[in-house]
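Learning to read a protein model takes a little practice. Let's try it together, one question at a time.

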Amino acid sequence: MSTLENDPQTPSTDLAVTESVRELFLDDLGELPRGKRAEALARRFLLSYAGHTRAAYGRDLADWFSWCAALEIDPLAANRAMVDGYARHLETRRSPATIARRLSAIAGFYRYGVAEGALTTSPAEHIKRPKTSNDSQTLGMDRGEARAFLAAAREHSSRAAALVTLLLHDGLRISEALGADVTDLSHSRGHRILTITRKGGARRDVVLNPATSQALDSYLDARVDGPVFVTSTGNRWHRSEAFRLIRRLGAAAGVEHGDKLSPHSLRHTFVTLAREAGVPLEDVQDAAGHADPRTTRRYDRGRHNLDRHPAYALGAFLAD
C-alpha cells in the first residue's frame, strides 16, 4: 500500500482519463477488482485532506493495510476485533499520541466508506483511543536556552540566524518559513511583514520585529526574488536539512536534549516564552495560527509555573 504514503494530486482538467484516474474518481467501487477497492476508497478519502495531514493519514492507512495484509484480511472485511488487535500491536511501538492519530485516520476512513455506501458499518466506530497528555510532548527551550540557541545560529551562518530568529520570534511552522518567497516581504501600516501560507492554504501576514528584519536582510543581502531560504545552488531549502541544522545548533548551544530538538521545538518555545513575557493567550493563539486556544495552551510549557499563579496577582489587586 505504498501508494497511500504519497500525496495524491488532483489531475488538471486537460489530463487524459487514464485507468488510475478512472479508479480514483469515476468508477463505482463495486466494479473494481476486490483487491483494488480498499486502496481506491482510501485514495478518495485522502482527497479530503491537504499537505502534511494528508501525508500523515496516508502513512497511517498504509500501515493499517499492511497489518491487514499480514493477516490475509481485506481491509473492507475487517471487524472491530482486528482494529483492537492493531491498537494493542501499536502500544509497544508507538506513543499514545501517534496511536490516537492513527486510529483517528482509520476511523475517518471507515466513516467515509459508510457515507459512500462502500460499507454498511464501520469496524472502528466505537474503538477506544488512548488518552493523551494535555501537554505537548515536543521538547522546547527556556529563556536562557533560547538565547544560547540564537547565539549559536548567528555563529553558524547568516541563513541559520535568519531562520532561527524567524521561528523563535514569530512561531512559524517550518513549512511556512521555508515556503515563503522574497516577494512575500513587504510593509504595512509601518510594520515590516512576511506573508505566509498557513495550513489549509490561507494567506496571513506576520509581523517581523527589528531583530528578525535585520537577520533576514543580512542573509538576503539585497536579493529580490526566489525563495527566502535557499541552498547553495539556489533551490528552496528542504525541511530535512533545516531539521538537521536545528539539532546541530542545539548541541552547539548546550541545550538540554539538544539532539532531540526539531523545528517544531522552536514553535513551542515561542508560545511558552510569549506567555511568560505577558502576551495574552488570544494574541499568542492568533500569532501561532491555532484554531483552538486549547492547542495553544498545550504548547505553553510554562502554564504550570507557580510564579504565574493568579493568587499572587489577585492578592496584590485586593491589597491595593
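Here is a short conversation about a few features of this predicted model.

Q: Which helix has the lowest mean pLDDT, and which the highest?
A: Start with the whole chain: the mean pLDDT of the protein chain is 82, and 80% of its residues reach 70 or more. Among the elements, helix α1 (residues 19-26) comes lowest with a mean of 56, while helix α9 (residues 210-220) comes highest with 94. Take care with residues 7-15 too, where the pLDDT is below 50.

Q: How is a pair of aromatic rings described?
A: You give the distance of the centres and the angle of the planes. Searching the whole structure turns up 12 aromatic pairs. One of them joins Tyr 49 and Tyr 57, edge-to-face, with 5.0 Å centre to centre and 65° between the planes. Both rings belong to a cluster linked by ring pairs, whose members include Trp 64, Phe 65 and Tyr 110.

Q: Is Tyr 57 buried or exposed?
A: Buried means under 20% relative accessible area, so Tyr 57, at 12%, counts as buried. Its partner Tyr 49 has 28% and is partly exposed.

Q: Which ring does the charged end of Arg 159 sit over?
A: That is the ring of Trp 237, and the charged end lies 3.8 Å from the ring's centre.

Q: In which sense do strands β2 and β3 pair?
A: Strand β2 (residues 191-197) and strand β3 (residues 203-207) pair in the antiparallel sense, over five bridges. For a landmark, find Ile 196, which stands opposite Arg 204 in β3. Five residues lie between the strands of this hairpin, and Gly 200 takes a positive phi near 90°.

Technical notes
Residues numbered from 1 in each chain as written. Predicted model: local features only at pLDDT ≥ 70, side-chain atom pairs only at ≥ 80, totals over all residues. Heavy atoms only, no water. pLDDT = per-residue confidence, 0-100. Helix = DSSP H or I, 4+ residues; strand = E, 2+ residues; numbered from the N terminus. Contact = heavy atoms within 4.5 Å. Phe/Tyr/Trp six-rings, centres within 6.5 Å; stacked < 30°, edge-to-face > 60°. Buried < 20%, exposed > 50% of the residue type's maximum accessible area, 1.4 Å probe, protein only. Lys NZ or Arg CZ within 6 Å of the ring centre and 35° of its normal. Pairing = 2+ DSSP bridges.
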